[in-house]
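Open the model in your viewer and keep a selection panel at hand. The stops below go from the nucleic acid to the open and enclosed spaces of the protein.

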Amino acid sequence: MLHRKDSDLGGAGEPPVVTVGSLDRYDGKVVRLRGWLYQGRSSGKIAFLMLRDGTGIVQCVAGRADVGDEMFDTARHATRESAIEVTGAVKKDDRAPGGFELLLSAFDVVSAAAEFPIGKKSHGTSFLMDHRHLWLRSKRPHAILRIRSTVSLAIRSFFDREGFTLLDAPIFTPAACEGTSTLFETDYFDTKAYLTQSGQLYMEAGAMAFRKVYCFGPTFRAEKSKTRRHLTEFWMLEPEMAYADLDDAVELAEHMVTDVTRVVLDRNAADLELLERDRSKLEAIAPPFPRITYDEALAILAEKGMAVKWGDDFGGDDETVLAESFDKPVFVWKWPKEAKAFYMKSDPDDDRYVLGVDLLAPEGYGEIIGGGERTDDLAYLEKQIDAHGLEPESFAWYTDLRRYGSVPHSGFGMGLERFVGWLCGTHHVRETIPFPRTINRLYP
RNA sequence: UCCUCGGUAGCUCAGCUGGUAGAGCAAGCGGCUGUUAACCGCUGGGUCGUAGGUUCGAGUCCUACCCGGGGAGCCA
């Protein structure tokens, strides 16, 4: 890695410093490991010490007769999560978790840890989240956040291959983008600024300049939501394409979801296994995803005894029931105008509808994507801004986009945490972000 | 904002029709040479969310408030 190899880190004649993740290359060799004591067990004559170094966990074995009384007692009394450096011979052994263990010849405490708050037995989520900075060292958060990392990388790689330009949207914004959600307000010198709730409008400007663009960054919603699907700060991916219609956006979404899912299946097999995720549910993901209209969705819901009034959005239970009718994510498109945002394009076949689309994830994970075709008609857009009670001056730059070479354009927004939550099978999205922000959590 | 469940040891929880506070884990000490959330023994550890009220007596019953979990609304 970088300019130094593992083995260069040792001094002359000293065993090489390596990582747990690469131990299989050193079977039979003496190596050094630097990490933290994840857990220890001992009897009077033999101690088993689990060393964690961020790349994996390995069992280190110390026999009193082999290492001497002083080192043996140091090792068995070391507190959990103490920083340690060990030297030993790598040995394949089926009794060791992971298949390899280290037969210790040296054990040094780099920094002794105080009593670690997170114990070996169960804890409540609230307690664990209060100690999120320490909880990150545990296996489950580690697996989920490694998958999140893969997803971020796979998304950027997908859009790069597809010819998109990454165009970062601003986080400070002068006014509401959509006018519906509650915004976080901040002092901005002598005026007020708001934290962005969507980069979409800026992406529309970008699409007219770069043709295909996307932004991928934090988004803020001051909604007082207390559900497993909501955070006040979350990451959103928002691609936008010029000369593109609703079908183009739908195809882009299903290919991206499929591509990213396959990368995770390939790269994070061990993490998915630790999370006890049913791989077959993810392996089934392939284009095309089923597409149903809003009206067809209402019919399915009515069949299952869940009456939704025409014009209303679906609730969490409705989404779950709908998604359960399919084994892949399902697109719901062509929505009643009143259920969607002001910038949505009218359905040319029936102006009671707009060309919006949601993607519902399977297994009750709900809406992970919302998007559609935006209106390219200046007069219609101005009418909609007025009808929604928005200030035209705030949207002057946005309406300009329809004044200077307006073309059909489409895109969508995807909530990263909901997507990762579905891939990982987590119960709550707060586990899918390193330091979650919710209505009553701003710490740590 | 509304509905619902909860708040007892550092953590996870038990505590019945009201009668002076319990377990497991963690911590400390001791034992054990192949453990897998090791096991066995001993020790220390409490303003029962807060404030009132009922009662001879409240963790337990009543009222208000505070805090948290889940859900609705809203949304990704």
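Select the protein residues near RNA strand B: by class they comprise 18 charged, 17 polar and nine nonpolar residues. This is a predicted model, and the side-chain atom pairs listed here count only at pLDDT 80 or more. The surface near the strand has 44 residues in total. Colour Gln39, Arg41, Lys120, Arg228 and Arg418, which are the closest of them to RNA strand B.

Now show secondary structure. Five elements each give at least two residues to the surface near RNA strand B: the strands β2 (30-42), β3 (46-52), β12 (233-242) and β16 (366-374), and the helix α3 (125-130). Which of these supplies the largest share? It is β16, with four residues.

Turn next to the RNA side. Taking the atoms of RNA strand B within 4 Å of the protein, 50% are sugar or phosphate atoms, and the rest belong to bases. Individual polar contacts can be picked out for a base, a sugar or linking position and a phosphate:

- Select Glu101: an N or O atom of its side chain is 2.6 Å from a base nitrogen of RNA strand B.
- Select His123: here a side-chain N or O atom is 2.4 Å from a sugar or linking oxygen of the strand.
- Select Gly124: a backbone N or O atom of this residue is 3.3 Å from a phosphate oxygen of RNA strand B.

Leave the RNA and go to the second largest pocket, whose volume is about 740 Å³. Its lining has 28 residues; centre the view on Val20, Thr55, Gly56, Ile57 and Ala270, the closest to the pocket centre. Elements that each bring at least two residues to this lining are β3, β4 (57-63), α5 (139-161), α7 (246-267) and α8 (269-274). Note that β3 also supplies at least two residues of the surface near RNA strand B. Colour by domain: domain 1 (6-111) and domain 2 (132-432) each contribute at least three residues to the pocket lining. By class, this lining is made of eleven nonpolar, nine polar and eight charged residues.

The last stop is an enclosed space. How many cavities of 30 Å³ or more does the structure hold? There are two. The second largest cavity holds about 50 Å³ of space. To find it, select Arg221, Glu223, Ser225, His230, Leu231, Thr232, Thr438 and Ile439, which line it. Four residues of this lining are polar, two are charged and two are nonpolar.

Note on methods: Residues numbered from 1 in each chain as written. Chains lettered and ligands numbered in written order. Predicted model: local features only at pLDDT ≥ 70, side-chain atom pairs only at ≥ 80, totals over all residues. Heavy atoms only, no water. 1 Å grid on protein atoms, 1.4 Å probe; cavity = no way out; pocket = protein on both sides within 12 Å on 5 of 7 lines; lining within 4 Å. Points joined across faces, edges and corners; volume = space filled by probe spheres on them. Nonpolar A, V, L, I, M, F, W, Y, C, P; charged D, E, K, R; others polar. Near = heavy atom within 4 Å. Polar contact = N/O pair within 3.5 Å; in protein donor to acceptor, adjacent residues only side chain to side chain. Domains from an automatic or database assignment.
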